[in-house]
Amino acid sequence: MPQEPSRRERGLDLRNIDLLRFIRPYKTRLVAGIGATISHSLVTVFFFKLFKDFLDTMIDSIATSRHSLRPLTLISLTLVGMFLFKGIAYYGQRYLTTYVAQRTMKDLREALYRHLQSMSMEFFDKNKVGQIMSRTVNDVAILEGAIVSGAINVFYNLITLVVGMGYLLYLNPKLTVLILAVFPSIVYVYRKYSRRIRGMSRRIQESVADINDVLHEGLVGIRIVKSFVREDYEFNRFVRENEANFAAHRKNAQLTATLSPMVELLASLGFTLVLWFGGYEVIRGTMTPGELIAFFTLALMIINPLKALSGLSHTVQNALAAADRIVDLLNQRPAITEIANPKELPSDTPGRVELRNVSFGYHPGELVLRDINLEIEPGETVALVGPSGAGKSTLADLIPRFYEVTSGEILVDGHDIKTLSLASLRQAIAVVPQETVLFAGSIYDNILYGNLGADREEVVAAAQAANAHGFISALEHGYDTIIGEKGVGLSGGQRQRIAIARALLKNPRILILDEATSALDTQSEALVQEALENLMRDRTTLVIAHRLSTIVEADKIVVLDRGQIVEVGTHQELLAKGGFYHRLYEGQWQEQ
């Protein structure tokens with residue numbers, strides 16, 4: 001059964017977004033994980049000190065002909081204890097850091113989805129579904145993988161590198177300086193390539209979003225694709241985006257493949273100098289063989305973090321590019337916002353709607369509606385008619401404040417809707433669109449969506465009033481029948497009646513019907529029309545109709561043309577005028 005979001009979730013504040021804020025709740029575990037990582041690195045470096053002592057003890061015993069096993073035994077036992085501690089530290093490092101990473105990504109996914117739910121319709125008009133899904137799914141997955149396998153390894157390798165270099169400096173400053181001499185060139189190469197890799201990573205993720213977009217459009221519109229025999233056309237669109245993705249990956253692979261060997265080559269120059277100068281120091285007697293072997297072995301060990309850091313550049317840059325895109329999305333603000341301390345529209349509101357000098361345009365300077373003045377009394381049925389593009393659906397969308405009026409004001413029971421909380425305003429309104437939207441799940445859950453607090457008897461009563469109970473009961477599993485995405489498996493009339501039952505269960509005071517029967521056959525339309533009459537009873541109703549025969553009984557008919565009201569009256573009054581409505585009505589009868 002669907003669940004209402006908690007008060008804490010509804011109050012999620014995403015202002016001044018910062019990805020680090022998602023980590024802060026788990027800072028204790030993070031600090032413990034960092035401590036375990038540092039301990040693991042320290043123990044790893046400490047091993048080379050013991051290794052040096054072990055070698056020097058053996059060499060000294062051979063040179064002095066003393067064969068005491070006590071020092072060797074103590075060193076060996078210390079090595080065993082060290083590896084035990086190292087194992088515990090490794091467990092703490094991996095478990096704690098992975099826990100923090102996974103919890104952070106869980107919270108981030110939830111915040112992203114909550115943020116998307118809060119965005120205005122304008123946002124979804126401007127952004128394609130494939131692009132949004134790519135940021136919500138792919139970018140978060142990239143960031144998650146980078147944190148779990150990338151950031152943790154980067155931090156561990158950095159700690160190991162710093163601690164290792166510190167111990168090398170302690171062992172022999174001269175040899176350490178030789179190694180450090182090549183570091184500036186390594187850092188320069190790393191930074192230069194990292195910037196280019198990050199830019200290419202962002203291009204890759206954008207190309208993935210383009211692929212998702214083409215894939216989504218092609219699959220959602222598969223019926224149209226097949227009816228126009230455009231399979232090859234859609235395939236070629238996909239191939240173009242796929243090729244662009246491949247080109248970006250290829251360039252990225254060239255950059256990353258070049259970075260790692262360049263870093264390794266520069267590092268090898270330093271180690272070669274160490275080997276030559278260290279051998280010279282041993283020959284002079286200023287350095288013991290054990291010190292040289294331990295120094296060189298540790299230096300060779302340090303090359304692994306260097307190689308790992310250069311190799312992880314690809315992962316990290318991917319993550320940074322993904323983080324950029326996620327932050328860009330989270331920083332976008334809804335076009336529709338509430339004022340401070342908005343008023344709550346009472347649940348028993350009469351449902352009077354008034355539009356005063358309302359104008360609206362989707363784009364600046366391009367008005368779709370101009371100076372609309374309209375009053376709808378409680379319980380009155382008002383029909384909007386007019387040619388396509390006249391602004392009927394746009395006008396209806398302004399009442400639940402899906403879009404913000406450009407000028408003028410809309411009042412519900414005397415309250416400017418801008419002063420009302422969005423939840424209380426929209427709770428008083430139900431919309432039954434032409435294209436029915438049902439969710440994957442049971443029929444029961446789809447009806448319950450109208451009122452999550454309703455019981456089963458109320459759901460059944462709503463279905464009965466919507467003329468849906470009969471066909472639902474005839475199904476093998478009745479109300480528990482699982483339907484596919486968009487109600488696959490049900491006819492258009494059945495889907496529409498479920499949508500009407502959902503609206504009935506919501507029990508709104510204001511009802512908006514957007515061409516709710518235009519896509520139905522005659523038999524289905526009769527059943528749906530009867531259900532709609534039950535739904536409209538005693539409610540303020542705004543009907544958008546293409547078939548004028550369906551709205552002849554409306555209390556008032558408002559005729560729109562080019563974004564303006566050109567006529568208002570009853571069906572008979574408008575026919576008698578012989579004006580725009582009369583021409584529309586006669587034109588439809590002639591077409592039949």
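Visitor: Is Lys 106 buried, exposed or partly exposed?
Guide: This is a predicted model, in which local features need pLDDT of at least 70, side-chain atom pairs count only at pLDDT 80 or more, and totals for chains, interfaces and linings use all residues. Residues are numbered from 1 along each chain as its sequence is written, and side-chain values use heavy atoms, with hydrogens and water left out. Buried means under 20% relative accessible area, exposed over 50%, and partly exposed in between (1.4 Å probe, protein chains only). Lys 106 has a relative accessible area of 32%, so the class is partly exposed.

Visitor: Which residue meets the side chain of Lys 106 in a salt bridge?
Guide: A salt bridge is a side-chain nitrogen of Lys or Arg within 4 Å of a carboxyl oxygen of Asp or Glu. The partner of Lys 106 is buried, with a relative accessible area of 18%. At 3.8 Å, N to O, that partner is Asp 107.

Visitor: How many residues apart in sequence are the parts that Glu 409 and Arg 356 tie together?
Guide: The side chains of Glu 409 and Arg 356 meet in a salt bridge at 3.2 Å, N to O. Glu 409 lies in strand β4 and Arg 356 in strand β1, so the parts tied together are apart in sequence by 53 residues.

Visitor: In β4, which residue is the bridge partner of Leu 355?
Guide: Strands (E, at least two residues) are DSSP runs, numbered from the N terminus, and two strands pair if DSSP finds at least two bridges between them. Strands β1 (residues 353-360) and β4 (residues 407-412) pair in the antiparallel sense over five bridges. For Leu 355, the bridge partner in β4 is Ile 410.

Key: Helices (H or I, at least four residues) and strands (E, at least two) are DSSP runs, numbered from the N terminus.
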